[in-house]
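Student: I am new to this structure. Could you take me through one part of it closely, the sheet and the helices around it?

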Amino acid sequence: MAPIFIKTVLISESVDPRCKTILEENGIRVTEKQNMKKDELMAEIKDYDGLVVRSATKVTADIINAANLKIIGRAGTGVDNVDVDAATKKGVIVMNTPSGNTISAAELTCALLMSLSRNVPQAAMSMKQGNWDRKKFMGAELYGKVLGIVGLGRIGKEVASRMQSFGMRTIGYDPITPPEVTTSWGVEQMSLEQLWPQCDYITVHTPLMPSTVGLLNDETFAKCKKGVKVVNCARGGIIDEAALVRALESGQCGGAGLDEPPKNRSLVDHPNVISCPHLGASTKEAQARCGEDIALQIVDMVKGKKLVGAVNAQVLANTFSEESQQLIKLGEAVGAVLQSCATSSKKTLKHVKITTQGDCMKSSTGYMTSSVLVGLLNHESGCCPNLINVLSLAKESGITVNQNHCASDEAASGVCKVEIVANGSSYKASGSVQGGVPVLLELSDSVFKQPVSLTGNLLFFKASASPQLLSSVAGLLATEGVEIESYSAPAGRTRDMWFCVGVSSLLRDLSALKPLVQEASQLTI
């Protein structure tokens, strides 16, 4: 991956000391300031490349737009407290620690399941009040009962493993994890409609998103066994609180364990509810692991080793080899050439088609598309494109983007072809990497005899081939104080073609070439 330079990081919450130590050991300056109000954070954040938070800091669009951040690291699972859309639009990587809380959250889930089955918290509180209510707190064994696990990611898997040791039958639902995978964990997957009626206990381990808000509601509770017990150590809102109250009052739900503080106080006060103040990640081990993980992930990214935990930068996943960095430079350069052609003719970009050719580029189509768009949009007013935000910027600009990959013979392998349409005019270019250097092979059907090295100051012009053309252009450039350093001519001479000269400096005014050429553009790469 092209280097992302992170020199300064602000830690705005209490994160394990190992986080600061690891970052500083790798040359990153760290400042810790906790309990800042929004306006204080907005004023402070301007001086940092990175921000590390837990769950208390709300990283809103206002804060993101007030900063020049390159990364926001969440030392924990989920990124509910970060405006990911605003960060993506600004080109900021959002990263979390997907496995840091796994064991702690799974263990708390199991603790709540056991506490619900045996009324442990209620019995303990009764004893503290001087009572001996042995019969009141009659419980039930977990052995032989059915546990429904909604969400079979890391935490769901660990919960299944632990509760199977109690002799529970584990069934589950997940729209992503394949059934053959969960079967190897001892979890039988099925639809939610099949799952609800079978469960004695239900635990949810999904993100909070439109499709999971109110997942357990009046309708789903009605489909469950009478007396079903539910646990939520994920996110508040997955269980409809009003529906849960009604199910508890009717006896349809026999008890609930909630780790996200309910908004409805009657749930906290209900005798059959165990409510915790968001303890899922509150273990020394989880906090140490999350603090260490986020620091190591940032360091690995900065050093170009790997990218772990990024929730909005999937395009960067395959960009950690030297070959991919060369291809990214190629894409940006080809995009920049076409952008200069469209701009010089004062035409507005409307459509982009990017085609990668050859087996060696099969996995690069995603980041090649983004890199070409970076080159095309890099000089747009108020636009700061990078691989993370460029697709959304293109969409906002009304640019349609098509991308595809095709096989090719050995001679044409490893080629990126780009066609743009601007105000009805079409420009095409193709390039590849030769000897580690990006080169332009063709520009709008003009195939260069000698590929153009895409570096330095380049002047492109379209003209009719003639013996006097080069000398005439050279003379004109000389009068402008510009020297020719290289020259690439097209292979054909049958019609108006594109030529390229490498020059010592760019022309102050391209109109000086008007007597000699039909079109001209220039750029520095």
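**The sheet and its helices**

Tutor: Start with helix H1, residues 17-25, in this predicted model. Helix H1 lies across three strands: E1 (8-11), E2 and E3 (50-53). Its direction runs at about 155 degrees to E2.

Now the sheet itself. Five strands form an open sheet, and their pairing is parallel. Read across, the order is E2-E1-E3-E4-E5. Strand E2 (29-32) sits at one edge and strand E5 (93-96) at the other, each pairing on one side only. On average, neighbouring strands are turned by 20 degrees against each other, direction ignored.

Move to the E5 edge. The partner of E5 here is strand E4, residues 71-74. Four bridges join E4 and E5 in the parallel sense. Isoleucine 71 stands opposite isoleucine 93 in E5. Glycine 73 has methionine 95 of E5 as its bridge partner.

How does the chain get from E4 to E5? The chain passes through helix H4, residues 84-90. This β-α-β crossover is right-handed.

Next, the side chains of E5. Ile93 and Met95 point one way from the strand. Val94 and Asn96 point the other way. All four of these residues are buried. Such alternation between the two faces of the sheet is what a regular strand shows.

One more helix belongs in the picture. Helix H13, residues 284-302, packs on the sheet. Helix H13 touches E3, E4 and E5. The direction of H13 makes about 140 degrees with that of E5. Strand E3 thus appears twice: H1 lies across E3, and H13 touches E3.

Note on methods:
Residues are numbered from 1 along each chain as its sequence is written. This is a predicted model: local features need pLDDT of at least 70, side-chain atom pairs count only at pLDDT 80 or more; totals for chains, interfaces and linings use all residues. Side-chain values use heavy atoms; hydrogens and water are left out. Two strands pair if DSSP finds at least two bridges between them. Helices (H or I, at least four residues) and strands (E, at least two) are DSSP runs, numbered from the N terminus. Axes are lines fitted to C-alpha atoms, for helices over the stretch in contact, and angles run from 0 to 180 degrees between N-to-C directions. Contact means heavy atoms within 4.5 Å. Buried means under 20% relative accessible area, exposed over 50%, partly exposed in between (1.4 Å probe, protein chains only). A crossover is right-handed if, with the strands pointing away from the viewer, the path from the first strand over the helix to the second runs clockwise.
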